[in-house]
Amino acid sequence: MKQRCFSKGIITLVFLLSVSLFTLFANASTAYAAGTPKLNVKSKAIVKGKDYALKVYNLSETQTVTFTVEDEEVASVDEHGVVTALSIGTTIVTAVIEDSESTEPVVLECKVTVGPPALFILFSRLEKEMVVGQRSMMTWMIAPLNTVELPKFSSSAPEVASVSAGGIVTAKSAGTAYIFAQLDNGHFGACRITVSEELELIDEPVEASVDEVAEVAEPTEPADVEEKETPSTFADFLINLNANFTNGDNTSENTGADTAQ
């Protein structure tokens with residue numbers, strides 16, 4: 001009889017302990033879900049004519065959100081937080097969170113920068129050699145310089161060389177692959193990646209004879225060198241080309257984000 005009572009007491013204790021733990025976890029989950037509200041981003045660069053959806057996390061059932069924009073000529077925002085880029089410039093989108101159980105609203109802000117779309121893109125190198133297992137960041141040049149558009153990367157042979165969304169190439173196996181960076185207007189740049197299993201050995205230096213060294217060491221009269229103008233760099237070319245774009249039909253204010261690198 002005592003053993004049965006003891007068993008029932010243990011079962012009851014275990015049941016009560018299970019209920020307590022379940023209630024504790026449920027309350028913790030609810031408290032976490034109803035944490036401090038926050039936006040998915042605090043700043044965002046958007047290409048003119050494109051949309052981006054702002055989201056507010058950790059909202060409770062008693063909270064409502066109202067979105068407003070500081071400069072309606074630069075961007076607009078709807079009741080769902082979808083921001084539309086209208087003209088080049090910078091503005092602030094505000095999310096006011098009101099709670100029926102609280103008198104103080106929560107105010108969140110996101111800095112929105114609107115820039116022009118990219119016109120063309122070129123890799124700084126058209127060919128690149130890599131070794132299996134090596135990782136390398138691609139560098140590119142894009143115009144106009146104040147665009148906020150980012151290219152979309154892809155590889156012709158991901159099994160040879162893959163590329164991340166940010167332009168990091170990983171050499172996977174020996175072979176050749178082409179890495180592409182494409183813009184929304186269809187223009188793209190390409191770089192040929194040659195992947196080898198290991199680095200090539202450098203040839204051993206050849207020892208020179210005493211006579212050869214003496215011959216090289218003898219001073220010679222400097223030859224007349226024709227002065228040539230230093231060729232402009234590729235960066236200078238892009239800057240001049242960008243100036244032509246901004247001075248022509250594609251004139252835009254220089255208020256966008258810096259060029260992606």
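What percentage of the 261 residues in the protein chain is buried? Buried residues make up 28% of the chain. Keep in mind throughout that this is a predicted model.

**Figure 1. The whole chain, with its 3 helices and 18 strands.** Let's start with the overall picture. The secondary structure of the protein chain consists of 3 helices and 18 strands. If you take the contacts between residues at least 6 apart in sequence, 59% of them join residues at least 24 apart. The accessible surface comes to about 18400 Å², and carbon and sulfur atoms account for 55% of that area.

**Figure 2. Trp140 and Phe153 form an edge-to-face aromatic pair.** The count of aromatic pairs in this model comes to 2. Here the ring centres of Trp140 and Phe153 are 5.2 Å apart, and the planes meet at 65 degrees; an angle over 60 degrees counts as edge-to-face, so this pair earns that label. Trp140 sits in strand β13 (residues 140-143) and Phe153 in strand β14 (residues 152-155). The two residues are 13 apart, and their pairing links distant parts of the chain. Both Trp140 and Phe153 are buried.

**Figure 3. Phe180 and Phe188 also meet edge-to-face.** In this aromatic pair the rings are 5.8 Å apart, centre to centre, with 75 degrees between the planes. How accessible are these two rings' residues, Phe180 and Phe188? Phe180 is partly exposed, at a relative accessible area of 26%. Phe188 is partly exposed as well, and its relative accessible area is 47%.

**Figure 4. Asp184 pairs with two lysines, Lys50 and Lys152.** Side chains of opposite charge can pair when their charged atoms come close. The model has 2 salt bridges by count. In one of them, the side chains of Asp184 and Lys50 meet with an N to O distance of 4.0 Å. Asp184 lies in the loop between β17 (175-182) and β18 (188-196), while Lys50 lies in the loop between β2 (43-47) and β3 (51-53), so this salt bridge ties together parts that are 134 residues apart in sequence. Asp184 is partly exposed at 44% relative accessibility, and Lys50 is partly exposed at 40%.

**Figure 5. Lys152 joins the network around Asp184.** The side chains of Asp184 and Lys152 meet in a salt bridge of 2.8 Å, N to O. Lys152 belongs to strand β14 and Asp184 to the loop between β17 and β18, so the pair ties together parts that are 32 residues apart in sequence. What do the shared partners of these salt bridges create? Lys50, Lys152 and Asp184 are joined into one network.

**Figure 6. Two backbone features to look for, at Pro144 and Asn58.** Most residues other than glycine have a negative phi, and most peptide bonds are trans. With that in mind, have a look at the bond between Ala143 and Pro144, which is a cis peptide bond with omega at about 0 degrees. Pro144 is placed in the loop between β13 and β14. Next, turn to Asn58, a residue other than glycine whose phi is positive, near 65 degrees. Asn58 is found in the loop between β4 (56-57) and β5 (63-69). Its relative accessibility of 24% makes Asn58 partly exposed.

**Figure 7. Thr91 is a buried residue of strand β8.** Strand β8 covers residues 89-99, and Thr91 is part of it. Is Thr91 buried or exposed? Thr91 has a relative accessible area of 1%; buried means under 20%, so Thr91 counts as buried. A polar atom of the Thr91 side chain lies 2.8 Å from the backbone nitrogen of Asp71. Leaving aside residues up to four places away in sequence, Thr91 touches Val69, Glu70, Asp71, Val74, Ala75, Cys110, Lys111 and Val112.

**Figure 8. Cys110 and Cys191 are buried cysteines.** How many disulfides does a search of the whole structure find? The search finds 0 disulfides. Cys110 is buried, with 0% relative accessible area. The value for Cys191 is 0% too, and Cys191 is likewise buried. You have already met Cys110 in the previous view, as one of the residues that Thr91 touches.

Note on methods:
Residues numbered from 1 in each chain as written. Predicted model: local features only at pLDDT ≥ 70, side-chain atom pairs only at ≥ 80, totals over all residues. Heavy atoms only, no water. Helix = DSSP H or I, 4+ residues; strand = E, 2+ residues; numbered from the N terminus. Buried < 20%, exposed > 50% of the residue type's maximum accessible area, 1.4 Å probe, protein only. Contact = heavy atoms within 4.5 Å. Areas by Shrake-Rupley, 256 points an atom, 1.4 Å probe, with all protein chains shown as cover. Phe/Tyr/Trp six-rings, centres within 6.5 Å; stacked < 30°, edge-to-face > 60°. Disulfide = S-S within 2.5 Å. Polar contact = N/O pair within 3.5 Å; in protein donor to acceptor, adjacent residues only side chain to side chain.
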